[in-house]
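Colleague: Could you take me on a close tour of the empty space in this model, starting with the pocket? I would enjoy one connected account rather than a list.

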Amino acid sequence: MKKTGVGQYPLAGRDSELRLYRAALADPECRGFAIFGPQGVGKSRLADECLKVGAAEGWKALRVTATRGASTVPFGAVAHLIPVGVAAADVATVFAGVASGLDGKKGKGTLLLVEDLPLLDQSSLIIVQRLSDAGKIFLISTVRGGERENPDSDSLTMGYGFRQVNLKNLDQESIHRLLECTLEGAVSRRTSYELYLKSAGNPLFLRELVFAALEARVMKNDGEVWELEPAAESATTTPQLTDLVESRLSAISAEGRALLEAISVCGEVSLDGVVPREKQDGALMELESEGLVNIALDGRRTRIDLAHPIYGEVLQRNMPPFKRRRVYLSQVASLEAHGLRRREDFFRSVAWRVEATGSAETDHLVSAARLARDAHSYTRAVQLLEAVPQLERTAACLLLLGHCLAQAGRTEEVEDVLVQAQRLAVGEDEILDVAFARVQNLFWVQGGKAEALEVIAEAGRHARSSSALFRTRSAEATIRIACGDPQAGLDALGEIEYDVEDPAEINVLLLSLMYQSPGLTMTGHTAEAISTAENAYKINLKYHDQALYLHPSAQRNGLIFAFAESGRLSEARAVGNLALGELMAARAQVPHVWTALHMARAEWLSGHPRSARHWYAESVALARSHGQTLAMRPALCGLAAAAAQVNDTVSAHKAIDEAARYPHVGLFVGEDDLATAWLHVAGGNLAAAREVLEAAAASARASGVLSSEAALLTEVARLGGPRQVVKRLTELADVCDSAFTRARAGYIGALAANDPPALEVASASFEKMGADLLAAEASAAAAAAWKRVGEFRKSTAGANRTARLAVRCEGARTPGLTTALEPAAALTAREREIAVLTSSGASAQAVAEALSISRRTVENHLYSIYGKLGVSTRAELKKALEATN
């Protein structure tokens, strides 16, 4: 992490405030700019930036820092502004001396930054006031929210001619940008989300949290992305941050402190168990006025939350264990006295009793764990289930424990727990439930296809009812789809009928739907895949309380895949971002692995290698920390391909070497070889790249994975082999309903025929879909084709369009763009002058008169300009100039 000094971390999320400042600085009627906000929100950092902006525009920048310690010293804050030889005898003398010193400054004027303006001593405040009144300074000031040390300072912040901004904490996206800038590298979305929640968007708190995580070695960079370890979401705070929090809490009353401690321990509390009734209103008013809690109505209940999660961490650290136990037990007693009217009341009472005593009744523990699981609080659920005595653990209890362990990232323990559950399972339904859980773990976590199929076969031998037989067939079908035999899996699923009202079948149905949608996409039926995924999400949402395995947003992964493959790339991105938001909020990190993977593939298809690389890296980091073995190979190979496409061959080789240790997944048959192919491209060996890709496409064809085959054949064509693949791509366009596949076939056909109009049509189609790199390459091919037939103006227009599209492609280096992006003939200074005047509507004669040259000279220049820019009308000329600018 780049430590640039206190207050000098990068500025992010303050663009609107800077625009307001620039407007104020440019307004001759404005005398100052006041920055209000709570502690740590970034007032000083924004004020520093304001000084820099002014200095860059020619203002002289000066600074005054007010402190509570210096507030009793007359002229203490402005002493450094008083010229040598001027005695600090009285205000008039000091003002005259300071003003005369400022008069000698060169530039537009003087900017004076006063930090913590209300803390100025009275004499210094008067000097600043008079300097402002006399027009000697433009005042920039910071004021802590709620600070009323000196009401006389209000005229310098709220008076006539002063502008104000009230800084709020940063939003989630700004926190993400700030982290990436500060850490000088990509940060996973999960990490930035967790730090955003913990800091509540406060930049100072965020910085201290990051320092603490780095020092504790719980936030690491694997060479691609910064990732906070899942178990470290409550990373230790720094001493500086602890001191900041304690300074805020030091003046709080005993009742207020007791209430804060109870909230920090229990989250939601009953006031009666903490503060005497007659003092409750006063304590709440005190905490709210100090900005320590947020109070809101939740139905008929009043909800009280800490304003910052860090307050709770500091309070808990300083609480002795006996006091924490007393808080838990008092809250349990209060809940039970009022009646456990809501199911979360029951969950809290059990959880708090376990925290206080380490035990509770077994049926209560299991019921509370189910509630925690439903709320995606997997770590809490594991804690409750592990409190169940060994001899009282049933198959159902162990099954639930295995699921929660997997979701909490403790995957190495899951198989042993599920094997214990299998030994205790009684009855057909329970045996099958445990078997399906083992299948999920063995296949998706450990990558053991043979072991998973063996468990299914064993479960099938216990199946007697038609429902049980359907469940075993469904499990086998989903694995076949995931292993790259989609048609066989789809055929099997198509013969199965489910009863959504049967709790025993709902999980099988949800898993089947989750694989059916990708299977349809793989076989070229994207419209049906989209419909299936949307329906699966609705069903999963409706029966979420019965769903053992899946968060509803896990069903959106099939939708991302289908949207991307059908050419609806912006929709794929939007759905992915929506799913990630829901998964991060629920801390459902296992499906997050696959969502990031599908987002990466969508960005790859869009021609955005750097964005793809980021998402692949995030998938790798999460898969590694949560033991998701099967996601590792496609994510690492995708990362390698994206790195190779921006010529980072070192990172590409490293990722390929690691990927070799993991098993293949059949969703993207052959696409792992994109990494090797693009490394060949980076080395200049296009023939070797085409050979690798042709073999990969043949593998995809043999497996019936048409989506991958179409993508791989397109790569062959892009790298110089359109005639080799045009026939097969045309066949795929006929059997697949994907607009993307049809556009690819049209593009490759145009490449093979060297047809510039058809290439332009293909480029326009790709651009509309959001496939920017393919659009740029098709445009480049059209420009080259036009040039070969002597249509130089059209060729130049195509080259200019290619350059515009290539800007979106994040530095991709491909054979199709290399020659196209060589600099075209630039306009001379005189040509640009004539072009600008002409594009603004001036006639040739008017231009000639304005530049004191002949009309014939203007017309000759225009002929050259139109040729260089590939345009033929004034309207096109204007657009071309805007594009080059």
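**The largest pocket and what lies beyond it**

Modeller: Happy to. The lining of the largest pocket is made up of 20 nonpolar, 12 polar and 14 charged residues. Please keep in mind that this is a predicted model. The space in this pocket comes to about 2100 Å³. It is lined by 46 residues, and those closest to its centre are S264, G267, S377, R380 and R587.

Now for the elements around the pocket. At least two lining residues each come from α6 (189-199), α9 (254-266), β9 (301-306), α11 (309-317), α13 (343-357), α14 (362-374), α15 (378-386) and α25 (569-586). Among these, α13 gives the largest share, with seven residues.

Let us turn to the enclosed spaces. The structure has 10 cavities of 30 Å³ or more, and the largest cavity holds about 560 Å³. Its lining counts 31 residues, with Q440, W444, M514, L550 and V590 nearest the centre. Two or more of the lining residues come from each of α16 (395-407), α17 (414-424), α18 (428-445), α22 (503-522), α24 (556-565) and α26 (589-606). Here the lining divides into 21 nonpolar and 10 polar residues, with no charged ones, while the lining of the largest pocket has 14 charged residues.

The second largest cavity has a volume of about 190 Å³. Of its 18 lining residues, W604, L605, E715, R718 and L774 are the closest to the centre. The elements that contribute two or more residues are α26, α32 (706-718), α34 (739-753) and α36 (772-788). Helix α26 is thus one you have met before, as it also gives two or more residues to the lining of the largest cavity. The largest share around the second largest cavity, five residues, belongs to α32. By class this lining has nine nonpolar, four polar and five charged residues.

Helix α34 also brings us to a charge over a ring: R744 lies over the face of F740, 4.0 Å from the ring centre. R556 does likewise with Y537, at 3.9 Å from the ring centre.

From there it is a short step to the aromatic pairs, of which there are eight. In one of them, the ring centres of Y21 and F138 are 6.4 Å apart with the planes at 75 degrees, and an angle over 60 counts as edge-to-face, so this pair is edge-to-face. Y21 sits in helix α1 (residues 15-26) and F138 in strand β4 (residues 138-144), so the pair ties together parts 117 residues apart in sequence. Both Y21 and F138 are buried. Another edge-to-face pair is F205 with Y311, at 6.3 Å centre to centre and 75 degrees between the planes. It links helix α7 (residues 203-215), which holds F205, to helix α11, which holds Y311, across 106 residues. With buried meaning under 20% relative accessible area, F205 is buried at 2%, and Y311 is buried at 1%. Helix α11, you may recall, supplies at least two residues of the pocket lining. As for Y21 and F138, they join F33 and W59 in one aromatic cluster.

One last stop is helix α20 (residues 466-482), whose 17 residues reach 25 Å from first C-alpha to last, close to the expected 24 Å. Its buried residues include S467, A468, R471, T472 and S474, as well as I479, I481 and A482. After α20 comes G484, with a positive phi near 95 degrees.

Key
Residues numbered from 1 in each chain as written. Predicted model: local features only at pLDDT ≥ 70, side-chain atom pairs only at ≥ 80, totals over all residues. Heavy atoms only, no water. 1 Å grid on protein atoms, 1.4 Å probe; cavity = no way out; pocket = protein on both sides within 12 Å on 5 of 7 lines; lining within 4 Å. Points joined across faces, edges and corners; volume = space filled by probe spheres on them. Helix = DSSP H or I, 4+ residues; strand = E, 2+ residues; numbered from the N terminus. Nonpolar A, V, L, I, M, F, W, Y, C, P; charged D, E, K, R; others polar. Expected span 1.5 Å × (residues − 1). Buried < 20%, exposed > 50% of the residue type's maximum accessible area, 1.4 Å probe, protein only. Phe/Tyr/Trp six-rings, centres within 6.5 Å; stacked < 30°, edge-to-face > 60°. Lys NZ or Arg CZ within 6 Å of the ring centre and 35° of its normal.
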